[in-house]
Amino acid sequence: MVWPSSGGKLWGRDAERAEIARLTARVRSGRSGVLVLRGAAGVGKTALLDQVVRDAAGLRVLRVTGVEAETALPFAALQRLLRPVLNRLDEVPDVQGSALRGALGMSGAGGREHFLVGLAVLTMLSHLAEEQPVLCLIDDAHWLDAASAGALLFVARRVEAEGVSMVFSARDGFEAPGLPELTLDVLEREVAANLLAAREPELSPAIRERIIEESAGNPLALIELTAGLSAEQRAGRAEPPPALPVTERVLAAFGGQIDRLPPTSRLVLTIAAAEGTGDLGTVLQAARILGGSAGDLDAAEEAGLLRVTGDVITFRHPLIRSTAYQRVPLTTRLAVHEALTDVVDGDRRVWHLAAAAAAPDESVATELERAAERARERGAPAAAVPAYEQAARLSPDRAERARRMTLAAQSAITAGRIEQAAALAERAVELSEDRFLRAGLAMVRASVESQRATPRGAARLLIDNAEPIVGDDPGLALSLLITAADSAWSTGEYAELRQVAALATGLTPGVGDARTAEAVAVLGFLVDGHYARALPVLDDFVTTVRAQPAGSLYVRLLAGNLALLLGDDEAALELAAADVARSRRRGQAGALPATLRILAQAQVMAGLHHDAGATVAEALTFARDTGQGHRIGGLAAITAQIAAVQGDEDRCHASARDAGASLGGFGGVAEVGASANSALGLLDLGSGRYEQALRRLEETVTGPASHTAAALFAITELVEAAVRAGVPERAQHPFARFLAWAQAGNKPWATAVALRCQALLGPDEEAEGSYTQAVRLHERGGRPFQRARTELLYGEWLRRSRRRSDARVPLRSALAIFERLGAKPWAERARAELRASGDVAPADAGGADALGRLTPQELQIVRLAAEGLSNRDIAAQLFLSHRTVEYHLYKAYPKLGIGSRSELARRQWRLP
């Protein structure tokens with residue numbers, strides 16, 4: 001631990017210094033790195049960061065310390081961190097720069113997309129690192145305001161090849177999942193003894209041993225327990241204070257030092273603690289209002305409780321600030337905050353007004369609500385939560401209290417603070433009987449259950465709150481019903497889905513919502529198998545939404561999911577790709593997990609497996625970054641589907657397990673369970689385990705998610721499994737449902753697959769007519785894996801019919817598609833059939849696909865580069881730095897057998 005009189009020596013931290021040295025060596029070499037230092041108060045985190053600064057020759061060091069008094073002020077810590085380099089803000093692209101200026105209060109611009117702020121910081125640090133490697137030190141990160149913490153963690157998860165390193169130090173309360181951590185333990189007894197001997201050589205042996213024992217290796221305790229002793233106690237001639245837990249002893253030691261100050265010095269110390277930022281001028285102005293003066297700081301400085309450097313007051317340790325504030329009576333704290341309201345402005349003044357309010361006060365509540373609105377406009381929803389909540393507490397009127405508590409709950413959901421949102425929503429419900437307010441709260445509560453991955457019952461909650469407002473606010477009612485339909489569909493609560501459809505039938509929303517209401521109103525027909533009544537309406541809805549690219553993302557997500565259910569892969573791809581592009585342009589990282597999931601699923605169906613894998617990887621990153629853990633299960637299920645096609649047993653089973661684990665055993669999300677289980681069934685089918693495949697697929701098709709797209713499409717696998725297991729009768733009833741769906745939807749690929757199933761289930765003499773029609777329909781496009789499956793089965797049938805020459809054409813086509821898709825077990829089956837037909841089947845290409853050698857991130861970057869985007873444009877789209885984009889491109893070029901971007905553009909035709 002470094003102390004002012006210890007000559008800068010750091011005791012007992014050689015291993016930690018070596019770890020950080022590796023980090024700084026990495027940044028000096030142009031790479032990036034992150035480390036979170038964990039440890040209890042007083043264990044030496046700040047001292048270690050001080051040593052890092054001394055060892056940081058040649059690096060640009062940006063440092064900030066979290067301040068407890070600023071936790072409610074959006075982007076306060078980020079502003080202090082970037083203050084030395086704000087003159088470089090003009091180098092940040094316009095959209096990002098506007099967001100960052102607005103966040104820092106430098107302009108009235110900005111916006112609600114707080115991830116754009118993080119991207120702007122990443123871009124800014126990357127630019128700075130081009131001149132000199134950058135080291136960001138964030139001390140006391142547990143006291144960062146939520147907006148600053150979010151932006152800095154966003155950067156920390158994306159630095160890779162910029163020459164930027166970040167070190168956070170924190171106690172409990174700072175969550176940084178996924179980042180490497182290093183825990184600072186207490187000092188070993190021998191080290192503690194040496195430290196104490198160096199600092200306090202005059203201590204009697206008995207007292208020294210007692211302090212070593214009671215400090216439990218905490219460096220701060222070693223020093224402060226000694227500082228609190230009188231000369232008699234130090235010499236062992238008087239009994240020391242009774243033993244207490246370390247933290248209590250340290251606080252008691254600080255309290256004793258504060259109590260020995262003159263009254264006016266204690267008052268000014270309290271003002272400095274309440275002011276929080278250490279601004280000397282502000283503290284002295286408030287002190288004069290309360291009868292204090294600059295001279296009153298002298299005693300505190302002489303006691304070593306704080307130091308004044310220029311116009312900045314710095315407490316020796318944050319616990320001294322806390323102790324100074326809590327040590328005085330409530331009336332004194334109220335007076336201090338009231339004095340500060342006269343000398344500060346902006347949101348700081350608002351929070352001092354709130355702290356000075358001893359009773360409900362509508363004028364203060366109004367000011368807090370305005371501060372919350374400003375926080376939301378600056379892209380800091382987490383900072384809006386305490387402002388709305390405090391405004392609610394200070395509202396004399398019960399209805400206003402309920403309204404503001406509702407706003408707090410809604411902001412908490414936006415900020416990804418699920419449990420906080422749940423608690424706030426519960427309190428708001430208790431405060432109000434207003435049906436419109438309760439409808440809004442139902443959306444919050446349903447979102448909470450969804451994000452907890454326990455959505456069963458959410459549809460009922462939404463229905464119960466939509467029904468009372470159907471006539472008075474059909475637009476809000478429709479929003480609730482769309483969410484209810486999505487929830488009921490995913491959980492298999494089909495009675496609730498029918499009720500949603502019935503309520504939507506009676507809606508009379510505005511012209512723009514009429515088509516949406518019609519689509520929701522026919523969902524009940526799907527559950528009852530009346531596809532001919534539902535699919536044309538849904539198809540019209542999807543077509544309408546495709547023609548409105550600027551429409552509501554909420555409605556477009558509904559259309560994307562319905563396009564998947566309709567089997568309209570082209571529409572799903574177009575909708576999802578447009579929505580992903582729009583979310584990227586606007587910096588809407590929170591929307592990306594949902595839009596990317598639809599895109600990945602559509603890519604799987606279109607046979608773009610490499611792309612789908614890259615899309616899933618990106619979606620997982622954003623799901624974790626934005627607190628949408630409930631999305632992980634569905635994404636893992638898509639990975640399981642890809643692995644099933646490719647015959648990758650380990651990855652398929654692992655992904656299926658991940659899908660269930662992320663949802664607590666699917667936690668009521670039946671749709672994800674059906675998707676994962678159908679993937680395992682397809683894996684079994686491809687591996688020749690037909691009875692096992694049949695059991696799995698029957699579970700999927702008849703289970704709680706029986707009407708989802710995953711269950712519907714699993715019917716086609718079930719048919720083949722049943723036939724090969726020798727029990728075709730078990731497929732007859734499920735196939736009738738698929739056939740009705742295919743006929744109502746009239747998609748060529750679906751009709752082709754239905755014909756293939758008829759060929760398998762029907763008389764052998766009628767099979768060829770079904771197969772030939774199916775092959776012709778497949779030529780019109782869509783679902784290449786299904787096409788290859790049909791051609792394989794047709795080729796097998798022809799060979800068994802002793803038409804070996806005829807069999808070779810469909811078998812060669814099937815083999816080519818299977819190899820392109822990496823469907824190894826299916827390719828081997830086609831290869832075996834070709835050999836049996838007398839053809840010389842080509843050998844397995846064995847990794848000739850260059851795209852397959854790229855990582856998911858490399859593939860994304862290569863595709864965008866091939867489209868002509870610059871590194872900076874790619875960085876903005878993928879929420880990366882341009883240096884990381886450059887790094888991945890140069891790693892990808894050798895894998896593709898090229899040497900430059902220009903060569904990539906010339907070979908763009910190779911990217912399917």
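This passage walks through a sheet with its helices, a mostly covered helix and two helix pairs in a predicted model.

The sheet is a handy place to start. It is an open one, built from five strands in the order 2-3-4-1-5, and the pairing is parallel. In general, strands of a sheet pair through backbone hydrogen bonds, either parallel or antiparallel. Strand 2 (60–65) and strand 5 (181–183) sit at the edges with a single partner strand each, so one side of each has no neighbour in the sheet. Going from one strand to the next, the twist averages 15 degrees. Strand 5 pairs with strand 1 (residues 33–38) in the parallel sense, over three bridges. As for individual residues, V36 has E181 in strand 5 as its bridge partner.

Two helices pack on this sheet. Helix 2 (residues 45–54) touches strand 1, strand 2, strand 3 (134–139) and strand 4 (164–170). The direction of helix 2 makes about 165 degrees with that of strand 3. Helix 6 (residues 146–156) touches strand 1, strand 3 and strand 4, and its direction makes about 135 degrees with that of strand 4.

Next comes helix 15 (residues 318–326), which is mostly covered, with seven of its nine residues buried. The buried ones are P318, L319, I320, R321, S322, T323 and A324.

Further along the chain, helix 38 (residues 729–745) and helix 39 (residues 748–761) make a pair. Their axes come within 9 Å and cross at roughly 155 degrees. Angles over 145 degrees count as roughly antiparallel, and helix 38 and helix 39 are therefore roughly antiparallel to each other. The crossing of helix 38 with helix 39 is left-handed. On the helix 38 side, the contact includes F735, F738 and W741, while W749, V753 and C757 are among the residues it meets in helix 39. Sorted by class, this contact has twelve nonpolar residues, three polar ones and no charged ones.

The other pair is helix 41 (residues 784–800) with helix 42 (residues 804–821), whose axes come within 8 Å and cross at roughly 150 degrees. That makes helix 41 and helix 42 roughly antiparallel to each other too, and their crossing is left-handed. Residues of helix 41 in the contact include F785, R787, E791 and Y794, and those of helix 42 include R804, D806, I817 and F818. Here the contact residues divide into 13 nonpolar, two polar and eight charged. Charged residues thus turn up where helix 41 meets helix 42, whereas the contact of helix 38 with helix 39 has none.

Note on methods
Residues are numbered from 1 along each chain as its sequence is written. This is a predicted model: local features need pLDDT of at least 70, side-chain atom pairs count only at pLDDT 80 or more; totals for chains, interfaces and linings use all residues. Side-chain values use heavy atoms; hydrogens and water are left out. Axes are lines fitted to C-alpha atoms, for helices over the stretch in contact, and angles run from 0 to 180 degrees between N-to-C directions. Helices (H or I, at least four residues) and strands (E, at least two) are DSSP runs, numbered from the N terminus. Angles under 35 degrees count as roughly parallel, over 145 as roughly antiparallel, 65 to 115 as roughly perpendicular and the rest as oblique. A crossing is left-handed if the near helix is turned anticlockwise from the far one by less than a right angle, and right-handed if clockwise. Contact means heavy atoms within 4.5 Å. Ala, Val, Leu, Ile, Met, Phe, Trp, Tyr, Cys and Pro count as nonpolar, Asp, Glu, Lys and Arg as charged, and the others, Gly among them, as polar. Two strands pair if DSSP finds at least two bridges between them. Buried means under 20% relative accessible area, exposed over 50%, partly exposed in between (1.4 Å probe, protein chains only).
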